[in-house]
Amino acid sequence: MGKRISGANRRSWRSKMELKAVTHDDKQYVMHIDRHVTDVSFDYRVYTKSCYVLWENEHRVGIIVHCILWDNLPFMNLLYIEEKHRGKGYASNAVKAWEHEMKQQGFKMALISTQVDESAQHFYRKLGYVDCGGITFHDTPFHQPMELFLRKVF
């Protein structure tokens, strides 16, 4: 099992849902979801605790991946809930648990992004995130619709 996070070592946000820092035991699960991660970057996520696995009843139901920008701004770059568990409140509870963990670590604000053609922007706004800019990568190897950034002050 993964190491539990936070000062109390456990944050239960929904019946038996837990958010745990990723461990090497989670490697196959995480790499199945996030095909961009390499062995080296996975090891870095374990070392920095920049990936959390969502659990319910001893089963993995999703992941959150983040980094810290400029040494003081948590940026969630991936939230993934298994399809069979979607629509049950896992995503909003996971974001709230992640925000709580970031607050416990002393951060004052968080940043999230999503492509403008994805519906996730509406989900984040319902959680109190506010649009704060965007970036485009036209004519680059990363060509995609505009990436929309949203922020939330704790």
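Start by selecting Lys49, the residue that comes after helix α2: its phi is positive, near 55°. Keep in mind as you go that this is a predicted model.

**Helix α2**

Step back from Lys49 and select residues 39-48, which make up helix α2. Colour Phe42, Arg45 and Val46 first, as these residues of α2 are buried. Look down the helix axis with those three highlighted: they cover an arc of only 100°, so they sit on the same side of α2. Now turn the helix over. On the face directed away from the buried side you will find Val40, Tyr44 and Tyr47, which are exposed.

What do the buried residues of α2 pack against? Show α1, β4 (51-56) and β5 (59-69), and you have the partners of that buried side.

**Two salt bridges around α2**

Stay with Arg45 and add Asp34 to the selection. These two form a salt bridge, and their closest N and O atoms are 2.7 Å apart. Arg45 belongs to α2 while Asp34 sits in the loop between α1 and α2, so this pair ties together parts that are 11 residues apart in sequence. Are the two partners buried or exposed? Both Arg45 and Asp34 are buried.

Next, pick Asp39 and Lys27. Here is another salt bridge, with 2.9 Å between the closest N and O atoms. It links distant parts of the chain, as Asp39 is in helix α2 and Lys27 is in helix α1 (residues 27-33), with the two positions 12 residues apart in the numbering. Asp39 is partly exposed, at a relative accessible area of 46%, and Lys27 is also classed as partly exposed, at 25%.

**Glu18 and Lys20**

Move along to Glu18 and Lys20, whose side chains meet in a salt bridge with an N to O distance of 3.7 Å. Switch on a surface here and look at how accessible the partners are. Glu18 is buried, with a relative accessible area of 5%, and Lys20 is buried as well, at 2%. If you would like to hunt for the rest on your own, the structure holds 6 salt bridges.

**The cysteines**

Now select Cys51 and Cys67 and draw a line between their sulfur atoms. How far is the sulfur of Cys51 from the closest cysteine sulfur? The distance to Cys67 is 12 Å, which is too far for a bond. Cys67 is likewise in no disulfide, since the nearest cysteine sulfur is the one in Cys51, 12 Å away. The count for the structure comes to 0 disulfides. While both are selected, check their surroundings: Cys51 is buried, with a relative accessible area of 0%, whereas Cys67 is partly exposed, at 30%.

**Last stop: Ser113**

Finish in strand β7 (residues 109-115), where you will find Ser113. Ser113 counts as buried, with 14% relative accessibility. Display its side chain together with that of Glu147, and you can see a polar contact of 2.6 Å between the two side chains.

Which other residues touch Ser113, once its neighbours within four places in sequence are set aside? Add Phe75, Met76, Leu148 and Phe149 to the view; with Glu147, these are the residues in contact with Ser113.

Key:
Residues numbered from 1 in each chain as written. Predicted model: local features only at pLDDT ≥ 70, side-chain atom pairs only at ≥ 80, totals over all residues. Heavy atoms only, no water. Salt bridge = Lys/Arg side-chain N within 4 Å of Asp/Glu carboxyl O. Buried < 20%, exposed > 50% of the residue type's maximum accessible area, 1.4 Å probe, protein only. Helix = DSSP H or I, 4+ residues; strand = E, 2+ residues; numbered from the N terminus. Arc of directions from axis to C-beta. Contact = heavy atoms within 4.5 Å. Disulfide = S-S within 2.5 Å. Polar contact = N/O pair within 3.5 Å; in protein donor to acceptor, adjacent residues only side chain to side chain.
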